[in-house]
There are 2 protein chains.
Amino acid sequence: MPSTPAAAAAACGHLHDTRELARLKRALMPSPEVSSIADLFKMLGDGTRVRILDTLAQGERCVCDIAELVGMSESAVSHQLRLLRATRLVRVRRVGRQAFYALDDHHIIGLLHDARRHVQEQA
Amino acid sequence: MPSTPAAAAAACGHLHDTRELARLKRALMPSPEVSSIADLFKMLGDGTRVRILDTLAQGERCVCDIAELVGMSESAVSHQLRLLRATRLVRVRRVGRQAFYALDDHHIIGLLHDARRHVQEQA
DNA sequence: GACATATATGAACAGCTGCTCATACATTCA
DNA sequence: TGAATGTATGAGCAGCTGTTCATATATGTC
């Protein structure tokens, strides 16, 4: 029955109705938000950064202690902290020649916690 | 006072006590868990996959509809669905030559929702 | 001032990711 | 059976990521 050009666009046969497809499309997240969300998850999608954030969940730490705790070079950690700073996941407090990093947003702990529960469940 | 080799290991001067450092280290997440969590976030850290999951949050969809809704080629979507399947974030139901994908774990919606709130707040 | 310490950064490089394009597979229909 | 359809997959490649190594900067100490 629907051999219209509209139906041909969605030739799959499930959603015959282009109008319905358009309605669903409108309900999706807008692109800028998708990018922001993906960027946030990208930032959380690295073992070193997860470790750093887990460490900071215990409280403020200086760079060399973080490096020692996560088992990475201070340089590597510094590079990662730079990224975490840029995305406002951590903040710095400078005291003399030391830099003390802390979580800038405690929602992150929630996300880490939820992710942890998720991976534990399906183990 | 602490010029012992132990103190030299953590020469930074913040955590003079190696014992304290060891205690903190024990409180950190074990490596396998860190990897699993990072892998989960890695999976969520891509715009196309976020879009796919957002689409599936509305309900089961076949591949070509997903492709149309997220604005990507069916091939690209199929590749991503393969990854999402491998990490058990989505599941398939095959009917004839169509494949209907759905979220396999509704915790994911929670994570997406939390991330969305987070990026909206700091906008 | 000269030197050590704590952190930051740039360059370079290996490994990974996500796309496209071509192709294979499976199912339905003529 | 042959052709069309819906999906899956392999190869190839451009772009990105995370590390190391060398170096720079800034503060504190002598």
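In chain A, strands β2(A) and β3(A) pair in the antiparallel sense, and six bridges hold the pairing. This is a predicted model. The report starts from that pairing and works outward.

**The sheet of chain A**

One bridge can be picked out by name. V90(A) has L103(A) as its bridge partner in β3(A). Helix α4 (residues 47–56) of chain A packs on the sheet. This helix touches β1, β2 and β3 of chain A. Its direction makes about 90° with that of β3(A).

What is the strand order of the open sheet in chain A? It is β1-β3-β2, with antiparallel pairing. The edge strands of chain A are β1 (61–62) and β2 (90–95), and each pairs on one side only.

**Chain A as a whole**

Chain A holds seven helices and three strands. Along the sequence, they follow the pattern α-α-α-α-β-α-α-β-β-α. Chain A has 123 residues, and buried residues make up 30% of them. Now take the contacts in chain A with a separation of 6 or more. Of these, 43% are between residues 24 or more positions apart.

One loop residue deserves a look. A27(A) sits in the loop between α2 (18–26) and α3 (31–44) of chain A. Is A27(A) buried or exposed? A27(A) is exposed, because it has 11 other C-beta atoms within 10 Å, and a residue with 12 or fewer counts as exposed. A27(A) and Q58(A) are 31 residues apart in sequence. In space, the two are 39 Å apart, C-alpha to C-alpha.

**The sheet of chain B**

Chain B also has an open sheet of three strands. The order is β1-β3-β2, and the pairing is antiparallel. Here β1 and β2 of chain B are the edge strands, each pairing on one side only.

Strand β1 (residues 61–62) of chain B pairs with strand β3 (residues 98–103) of chain B over two bridges, in the antiparallel sense. Strand β2 (residues 90–95) of chain B is joined to β3(B) by six bridges, and these strands run antiparallel. The table lists some residues that face each other across these pairings.

| Residue | Opposite residue in β3(B) |
|---|---|
| R61(B) | Y101(B) |
| C62(B) | F100(B) |
| R91(B) | A102(B) |

β2(B) and β3(B) form a hairpin with two residues between the strands. In this hairpin, G96(B) takes a positive phi near 60°.

**How the two chains relate**

Chain B can be laid on chain A by a turn of 180° and a shift of 0.0 Å along the axis. The RMSD is 0.0 Å. The two copies are therefore related as by a two-fold rotation axis. The same surface serves both copies, and 100% of the contact residues of chain B recur in chain A.

How many residues of chain B are in contact with chain A? There are 45, and they meet 45 residues of chain A. Five helices of chain B give two or more residues each to this side: α2 (18–26), α3 (31–44), α4 (47–56), α5 (63–70) and α7 (107–121). Which element gives the largest share? It is α3(B), with ten residues. By class, the side of chain B that touches chain A has 22 nonpolar, twelve polar and eleven charged residues.

**The surface near DNA strand C**

DNA strand C is surrounded by 26 residues. The closest come from both chains: C62(A), C64(A), D46(B), T48(B) and G96(B). G96(B) is also the hairpin residue with the positive phi.

Several elements give two or more residues to this surface. From chain A they are α5 (63–70), α6 (74–86) and β3 (98–103). From chain B, α6 (74–86) joins them. Which element gives the most? It is α6(A), with six residues. The residues of the surface near DNA strand C divide into ten nonpolar, eleven polar and five charged.

How values were computed:
Residues numbered from 1 in each chain as written. Chains lettered and ligands numbered in written order. Predicted model: local features only at pLDDT ≥ 70, side-chain atom pairs only at ≥ 80, totals over all residues. Near = placed C-beta within 6 Å. Helix = DSSP H or I, 4+ residues; strand = E, 2+ residues; numbered from the N terminus. Nonpolar A, V, L, I, M, F, W, Y, C, P; charged D, E, K, R; others polar. Contact = placed C-beta atoms within 7 Å. Buried ≥ 20, exposed ≤ 12 C-beta atoms within 10 Å, placed from the backbone. Pairing = 2+ DSSP bridges. Least-squares fit on C-alpha atoms with pLDDT ≥ 70 in both. Axes fitted to C-alpha atoms, helices over the stretch in contact; angles between N-to-C directions.
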